[in-house]
Amino acid sequence: MRRSWVEVDLNALAENIRAIRAGLSPRTEIIFVVKADAYGHGAVPVARKAAACGVKWFAVAFPDEAVEVRRAAPEAELLLLGVAAAEDVPALLEHRIIPIVVDEEQGRELAAAAADRGRRLPVHVKVDTGMGRLGIPWTDAYEVICRLADQPGIEITGLCSHFAKVEPDDEEQAREQAERFFSISRQVEEELGRKLFKHMSSSRAFLYRREWDLDGIRPGIALYGYGTGEAWVRARTRPILSWKAEVIQVKRLPAGHPIGYYGTYRTRHETEIAVIAAGYADGYLRMLSNRGAVLIHGRRCPVVGRVSMNWITVEVGPGSGVRRGDEAVLIGRQGEEEIWADELATLCRTIPYEILTEIDPRLELRYLGA
Ligand SMILES: Cc1ncc(COP(=O)(O)O)c(C=O)c1O
């Protein structure tokens with residue numbers, strides 16, 4: 001008996017990389033964000049394929065993720081988006097991982113730990129230009145960066161920031177953030193007398209504004225194939241992850257029969273119900289109860305009743321011809337029909353990132369085009 005499984009099309013990833021690359025100046029690097037196990041796609045195979053396609057930079061959240069990606073991309077530059085501490089410094093030095101400095105205290109701690117080992121650690125400094133999350137507030141950034149630049153244990157090689165909101169019909173905040181970042185970058189580069197590697201845009205900002213590309217862009221979701229559907233985007237990509245499962249039972253039920261816990265659905269006429277081996281424990285959100293659909297025999301079949309821990313029930317209709325062992329697609333394409341993570345996200349009032357990263361990492365991941 002099999003669990004549901006995930007298929008990742010690495011040839012489609014290669015096309016997505018090409019699509020994004022095509023819109024960029026040759027001096028702008030793609031810093032591929034592969035944190036959270038490449039948004040549930042599997043960091044090692046994804047990074048290996050991307051490196052083979054010419055991606056030279058990868059970003060992760062935690063040191064253990066970086067060490068994993070290092071195996072896949074021995075030559076790449078690895079950027080740590082989370083907050084490294086002194087105890088992480090040996091691993092950062094050993095695996096050539098570039099941490100991000102988010103405040104003066106942390107910067108000094110990293111510098112001291114590297115200096116203790118007789119080393120100088122390359123770092124990027126993050127400026128909080130309005131996101132209110134990680135980074136040195138832009139109002140203090142210039143002074144703090146100048147003081148950190150004197151620390152012998154670190155070498156500031158880059159500067160970065162992160163947009164809180166990029167909305168074409170309300171672009172004021174993003175423009176303000178970009179201007180703050182440009183202004184601080186100019187002052188710091190002038191003070192240090194050298195150019196730094198500057199990056200700010202994640203997928204949406206890249207898709208929207210060429211002027212914000214700088215030396216690197218940090219796309220995640222666009223490379224996984226989401227968020228590129230709007231008319232104004234610079235590049236189009238397509239989803240690379242499909243989620244499939246087997247039908248494990250098909251039964252005929254009379255009209256008026258309750259389905260699942262608490263009978264939240266009742267059959268309207270005699271019909272067939274297929275039980276599928278995936279549930280909320282696998283990451284198929286319970287919000288999809290009586291809302292979602294899966295593809296079987298190239299048809300959309302509604303999820304009826306509540307999603308349970310390991311199983312869902314779908315209505316395949318009278319005389320469906322669906323049999324135990326048939327393949328059901330929870331995310332992906334079958335025949336002419338498609339269901340992607342953004343559709344499920346809308347149904348669950350969330351974002352495709354959450355749909356993708358909720359998929360249980362214990363499920364088997366299969367790769368096409370590895
Ligand atoms: C600092 C930072 N940069 C870049 C990204 C990539 O964002 P996106 O997947 O929207 O392109 C993220 C994602 O969470 C992030 O936290």
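How much area is buried between domain 1 and domain 2, and what percentage of it do carbon and sulfur atoms give? In this predicted model, the area buried between the two domains is about 730 Å², and carbon and sulfur atoms give 67% of it. On the side of domain 1, Leu10, Tyr39 and His41 lose the most area to domain 2, and together they account for 61% of what that side buries.

The two parts that meet here are domain 1, covering residues 10–217, and domain 2, covering residues 241–368. Their C-alpha centres lie 39 Å apart. The contact involves 8 residues of domain 1 and 7 residues of domain 2. With regard to polar interactions, the rule finds 0 salt bridges across this interface, whereas 2 residue pairs are in polar contact across it, both at pLDDT 80 or more. Two helices of domain 1, H1 (10–22) and H2 (35–40), each supply at least two residues of the side that touches domain 2. Of the elements on that side, H2 gives the most, with 3 residues.

The nonpolar interior comes next. In soluble globular proteins, nonpolar side chains tend to be buried together. The largest nonpolar core of this model has 120 residues, and Phe32, Phe58 and Ile296 are those with the most contacts inside it. This core draws at least three residues from domain 1 (10–217) and at least three from domain 2 (241–368). Apart from it lies another core, of 5 residues, which includes Leu253, Ile259, Tyr265 and Val304.

Phenylalanine 32 offers a closer view of the 120-residue core, being among the residues with the most contacts inside it. Leaving aside residues up to four places away in sequence, Phe32 touches Leu13, Val46, Ala50, Val55, Trp57, Phe58, Ala59, Pro219, Gly220, Leu223 and Tyr224. One of these neighbours, Phe58, is itself named among the residues with the most contacts in the core.

Charged pairs form another layer of the description. The structure holds 24 salt bridges. In one of them, glutamate 167 pairs with arginine 204, the closest N and O atoms being 3.0 Å apart. Glutamate 167 lies in the loop between strand E8 (154–160) and helix H8 (172–192), while arginine 204 belongs to helix H9 (residues 203–208), so the pair ties together parts that are 37 residues apart in sequence. Both partners fall into the partly exposed class: glutamate 167 has a relative accessible area of 29%, and arginine 204 has a relative accessibility of 26%.

A second salt bridge joins glutamate 171 to arginine 175, with the closest N and O atoms 2.7 Å apart. Here the partners belong to separate classes of exposure. Glutamate 171, at 16% relative accessibility, counts as buried because the limit for that class is under 20%. Arginine 175 is partly exposed, with a relative accessible area of 34%.

In domain 2, which covers residues 241–368, the side chains of glutamate 270 and arginine 252 meet in a salt bridge with an N to O distance of 3.7 Å. Glutamate 270 sits in the loop between strand E13 (265–266) and strand E14 (271–276), and arginine 252 in strand E11 (residues 241–253), so this pair ties together parts that are 18 residues apart in sequence. Glutamate 270 is partly exposed at a relative accessible area of 48%, whereas arginine 252 is exposed at 61%.

Beyond such pairs, salt bridges that share partners join Arg27, Glu189, Lys195, Lys198 and Asp215 into one network. Aspartate 215 is located in the loop between H9 and strand E10 (216–217). With a relative accessible area of 13%, aspartate 215 is buried. Not counting residues up to four places away in sequence, aspartate 215 touches Arg27, Thr28, Glu29, Leu196, Phe197 and Lys198. Of these, Arg27 and Lys198 are also members of the network.

Serine 289 provides a final local example. Serine 289 lies in the loop between E14 and strand E15 (293–296), and is buried, with a relative accessible area of 14%. A polar atom of the serine 289 side chain lies 2.6 Å from the backbone oxygen of arginine 286. When residues up to four places away in sequence are not counted, serine 289 touches Val303, Gly305, Arg306 and Val307.

Note on methods
Residues numbered from 1 in each chain as written. Predicted model: local features only at pLDDT ≥ 70, side-chain atom pairs only at ≥ 80, totals over all residues. Heavy atoms only, no water. Core = buried A, V, L, I, M, F, W, Y, C linked by side-chain atoms within 4.5 Å. Buried < 20%, exposed > 50% of the residue type's maximum accessible area, 1.4 Å probe, protein only. Domains from an automatic or database assignment. Contact = heavy atoms within 4.5 Å. Buried area = accessible area lost by both parts, 1.4 Å probe. Salt bridge = Lys/Arg side-chain N within 4 Å of Asp/Glu carboxyl O. Polar contact = N/O pair within 3.5 Å; in protein donor to acceptor, adjacent residues only side chain to side chain. Helix = DSSP H or I, 4+ residues; strand = E, 2+ residues; numbered from the N terminus.
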